[in-house]
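Work through the exercises below with the structure open beside you. Try each task before you read its solution.

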Amino acid sequence: MSSDDLTELSLKLNMEEKNETELEQIEMELLLNGIHQYYGYDFRNYAVPSLRRRIWHHVYAEGLTTISALQNKVLHERDCFERLIFSLSIPVTEMFRDPQAFLTFREKVIPLLRTYPYIRIWHAGCSTGEEVYSMAIMLHEEGLYDKARIYATDMNSRSLQQAKEGVFDIKKMKQYTKNYLEAGGTRSFSEYYTAKYNSVIFHPFLKKNMIFAEHNLATDRSFNEFNVIFCRNVMIYFNDELRDHVHGLFHESLSHFGILVLGAKESIHFTSFSEAYKALDRTEKIYRKIK
């Protein structure tokens with residue numbers, strides 16, 4: 001094959017790859033627009049690389065070969081839509097996840113909360129609720145739970161249902177116990193749950209001041225004023241526009257001197273609200289609203 005033939009073949013392959021990429025982009029936009037218009041869920045400003053991987057994973061999981069075929073199935077079968085939402089909402093969490101963050105919260109935020117007559121905490125994007133129960137345990141040990149209300153929200157109804165039930169895999173308890181102790185736990189972690197078969201259920205008193213509700217950070221508004229907003233490892237999946245929108249929602253929802261807790265890979269910097277906060281701990285991404 002001559003050099004001219006190789007050049008022509010290379011150009012042809014590049015053109016085909018470009019066309020496939022453009023087609024994929026169109027298919028993704030149609031799928032996301034369809035979900036938004038028909039179901040009211042907005043994924044259009046999620047970070048593209050992560051979103052693309054999860055969409056294709058779901059295409060294959062449904063036994064399909066194209067994003068267009070997934071769109072057709074999602075719009076005509078509610079069960080398929082529910083499965084896709086569960087996949088896209090990324091339900092990854094654990095009890096006392098990143099223990100140092102909880103330990104720092106215990107040491108630097110709990111003393112501030114002691115001065116409040118009433119404490120409202122919002123766990124935004126709570127997934128299956130492990131961090132919500134972690135917070136309840138910490139507040140209980142610090143003698144603050146009786147004057148607290150924890151609002152736990154997520155857009156994923158399946159995750160919320162599991163969170164409400166407070167039932168988790170017993171195999172995870174070894175890691176959760178380790179996390180609890182590293183986070184400054186003061187008791188035996190097993191005091192907080194009852195084991196049955198292959199699961200554990202957390203004691204009802206931990207749920208008495210929890211309120212679970214569906215809430216979509218991309219489309220829903222503020223619904224209360226909070227002393228603490230806990231939103232960790234959620235916005236890493238958003239693009240800059242949606243991230244800024246959510247920070248606006250949090251700023252509106254926080255009381256003056258309220259506390260915002262973000263994930264290890266998240267930051268208030270490079271948002272429109274960076275000047276509105278003072279860092280209580282830059283390493284653990286704990287900020288206090290000052291204006």
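**Starting point**

Among contacts in the protein between residues at least 6 apart in sequence, 74% join residues at least 24 apart; a contact means heavy atoms within 4.5 Å. The model is predicted, so local features need pLDDT of at least 70 and side-chain atom pairs count only at pLDDT 80 or more, while totals for chains, interfaces and linings use all residues. Residues are numbered from 1 along each chain as its sequence is written, and side-chain values use heavy atoms, with hydrogens and water left out.

**Exercise 1. Take stock of the protein.**

State how many helices and strands the protein has, and what share of its residues is buried.

Solution.
- Step 1. The secondary structure comes to ten helices and ten strands. Helices (H or I, at least four residues) and strands (E, at least two) are DSSP runs, numbered from the N terminus.
- Step 2. Of the 291 residues, 48% are buried. Buried means under 20% relative accessible area, exposed over 50%, and partly exposed in between (1.4 Å probe, protein chains only).
- Step 3. The C-alpha trace spans about 80 × 50 × 40 Å along its principal axes.

**Exercise 2. Place one glutamine.**

Is glutamine 71 buried or exposed?

Solution.
- Step 1. Find glutamine 71 in helix α3 (residues 67-76).
- Step 2. Its relative accessibility is 19%, so glutamine 71 counts as buried.
- Step 3. Look for its contacts, leaving out residues up to four places away in sequence: glutamine 71 touches Leu30 and Leu31.

**Exercise 3. Read the sheet.**

Give the strand order of the open sheet of seven strands, then find its edges.

Solution.
- Step 1. The order is β6-β2-β1-β7-β8-β10-β9, with mixed pairing. Two strands pair if DSSP finds at least two bridges between them.
- Step 2. β6 (210-214) and β9 (277-281) stand at the edges. Each has a single partner strand, so one side of each is left without a neighbour in the sheet.
- Step 3. From one strand to the next, the twist averages 20°. Angles run from 0 to 180 degrees between N-to-C directions, and axes are lines fitted to C-alpha atoms, for helices over the stretch in contact.
- Step 4. Take one pair inside the order: β1 (residues 119-124) and β7 (residues 226-231) run parallel and are joined by three bridges. Histidine 123 has phenylalanine 230 in β7 as its bridge partner.
- Step 5. Now add the helices. α7 packs on the sheet and touches β1, β2 (148-154), β6 and β7; its direction makes about 170° with that of β2. Helix α10 (residues 240-253) lies across β1, β7, β8 (254-262), β9 and β10 (286-289), at about 140° to β8.

**Exercise 4. Examine a hairpin.**

Which residue takes a positive phi in the hairpin of β4 and β5?

Solution.
- Step 1. β4 (residues 193-196) and β5 (residues 199-202) run antiparallel, joined by four bridges.
- Step 2. Lysine 196 has serine 199 in β5 as its bridge partner.
- Step 3. Two residues lie between the strands, and tyrosine 197 takes a positive phi near 55°.

**Exercise 5. Describe a helix pair.**

At what angle do the axes of α5 and α7 cross, and which residues meet?

Solution.
- Step 1. The axes of α5 (residues 99-108) and α7 (residues 130-141) come within 12 Å and cross at roughly 35°.
- Step 2. Phe102, Phe105 and Arg106 in α5 meet Glu131, Ser134, Met135, Met138 and Glu141 in α7.

**Exercise 6. Trace the salt bridges.**

What do the salt bridges of glutamate 141 and lysine 108 link?

Solution.
- Step 1. The structure holds 15 salt bridges. A salt bridge is a side-chain nitrogen of Lys or Arg within 4 Å of a carboxyl oxygen of Asp or Glu.
- Step 2. Glutamate 141 meets arginine 106 at 3.1 Å, N to O. Glutamate 141 lies in α7 and arginine 106 in α5, so the pair ties together parts that are 35 residues apart in sequence.
- Step 3. Both glutamate 141 and arginine 106 are buried. They also belong to a network of salt bridges with Arg114 and Glu142.
- Step 4. Lysine 108 pairs with aspartate 281, the closest N and O atoms being 2.9 Å apart. Lysine 108 is in α5 and aspartate 281 in β9, 173 residues apart.
- Step 5. Lysine 108 is partly exposed at 37%, whereas aspartate 281 counts as buried at 13%.
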